[in-house]
Each structure stands twice: as structure tokens, then as C-alpha cells.
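Let's take a walk through this chain together, starting with one idea about burial and then moving from the overall layout to individual residues.

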Amino acid sequence: MGASRVDAPAAMEPRMVSPTDFFPKLSTPRERKVDGENRSFKQRWEMDYLFVKTKNKPQCLVCLQILAVCKEYNVKRHYASQHEFQFSKYTGNLRLAVIKDLKTKLKSQSPVPVPTTNTEKAAIKASFLICEEIVKRKKAFSDGAFIKECAVKMARAFGSEEMAKCFESV
Ligand SMILES: [Zn+2]
């Protein structure tokens, strides 16, 4: 029995038209000038769109969102789509008062509040309670052991050996 070799000598490969055969004409679109005009914060945006300047970026006084682009188009679009229905009724002095109020709130919100120790503790306790519940409920299922293991690891991660032992005993 002769060995049946399947790999026949390479036949003439059909000549494929490769993409490099073509030299697509690179179209160079005219570069649009984006810098220069309309790139600086305008003071009137505060009155018109309830925006203030934060680190050279426009920040919405209402929802505190900071826009990446400092252009009137974006600022106006944000205001029109998000807040106009709510704030268009405030005009003149009333509007000034609203802006003043919003600005005060903005100042009181920065820097970002750090969670207090008590809150953190409460959060950890909550996670433990949820974990405990999961372990209890899943006990009958095959993945109960896995979840238990997770809970134990989580407890240890929080530095509570006591809690870890607690989970281990479930
Ligand atoms: Zn907003």
C-alpha cells in the first residue's frame, strides 16, 4: 500500500486581484477649523443656560455635569434638552436669584464629600447581611458552598475574622 499523500504539488494559484493593485485616491477633506472661535466660556452662558466655568470647562449648575467641549452649541443643547422646561420660567431677577442659589449649592458640594466612617461601617454591615442571606438561601443548592466561600473571603477582606468564622459555620 502506497502512502496516499494528499498534498499535491501546489498548482498554479489563480491570480488574485489584490487590493494593492488599486491605488485609492486618498481624499483629503478640507480640515475644518474648530479652534479659535467659540472656544472660550462666555459669561452670558450663566444667565442663558445656567452654566459656569469650572477648570476651563462649562459646568451645568443644575445637574453639575461638566461638558467636555466648551462650545455654545453644546452648552445650549444641554440646557435646551435637560433643563429648559424647568428653568425657562425664571427670568430677570428671579433667574439671577436661582443662579445664585445654584452656585451656592455648587460650592457647598465641592470638594466631593468623603464617606464617613459610620457610613462605611453601615455599608460593610449591609454587605454582610446580604451575604448572610444569600448563603442561607443558597444552602440547599450546589453552589451554596461556593457562595459561602465568597462570603468568608469577603469578611476576611473587610478584616473581620469573627464574621468569616460566622460564615464558615453556616
Ligand atoms: Zn444640566
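A residue is called exposed here if 12 or fewer other C-beta atoms lie within 10 Å of its own, and buried if 20 or more do. Keep in mind that this is a predicted model.

With that in hand, look at Ala145, which is found in helix α5, residues 144–157. Ala145 has 12 other C-beta atoms within 10 Å, so it is exposed. Along the chain, Ala145 and Val170 are 25 residues apart, and their C-alpha atoms are separated by 9.7 Å.

Now step back to the whole chain. It holds 6 helices and 2 strands, arranged along the sequence in the pattern α-β-β-α-α-α-α-α. Of its 170 residues, 10% count as buried. Among contacts between residues at least 6 apart in sequence, 40% join residues at least 24 apart.

The two strands are worth a visit. Strand β1, residues 51–54, pairs with β2 in the antiparallel sense over 4 bridges, and Thr54 stands opposite Lys57 in β2. The hairpin has 2 residues between the strands, and there Lys55 takes a positive phi near 50°. Strand β2, residues 57–60, has two faces: Pro58 and Cys60 make up the covered one, while Lys57 and Gln59 make up the uncovered one.

Finally, turn to helix α3, residues 92–109. At 1.5 Å a residue its 18 residues should span 26 Å, and the end C-alpha atoms are 26 Å apart, which agrees. Helix α3 is hardly covered, with a count of 0 buried residues among its 18.

Technical notes:
Residues are numbered from 1 along each chain as its sequence is written. This is a predicted model: local features need pLDDT of at least 70, side-chain atom pairs count only at pLDDT 80 or more; totals for chains, interfaces and linings use all residues. Two strands pair if DSSP finds at least two bridges between them. The expected span of a helix is 1.5 Å times one less than its number of residues. Two residues are in contact if their C-beta atoms, placed from the backbone, lie within 7 Å.
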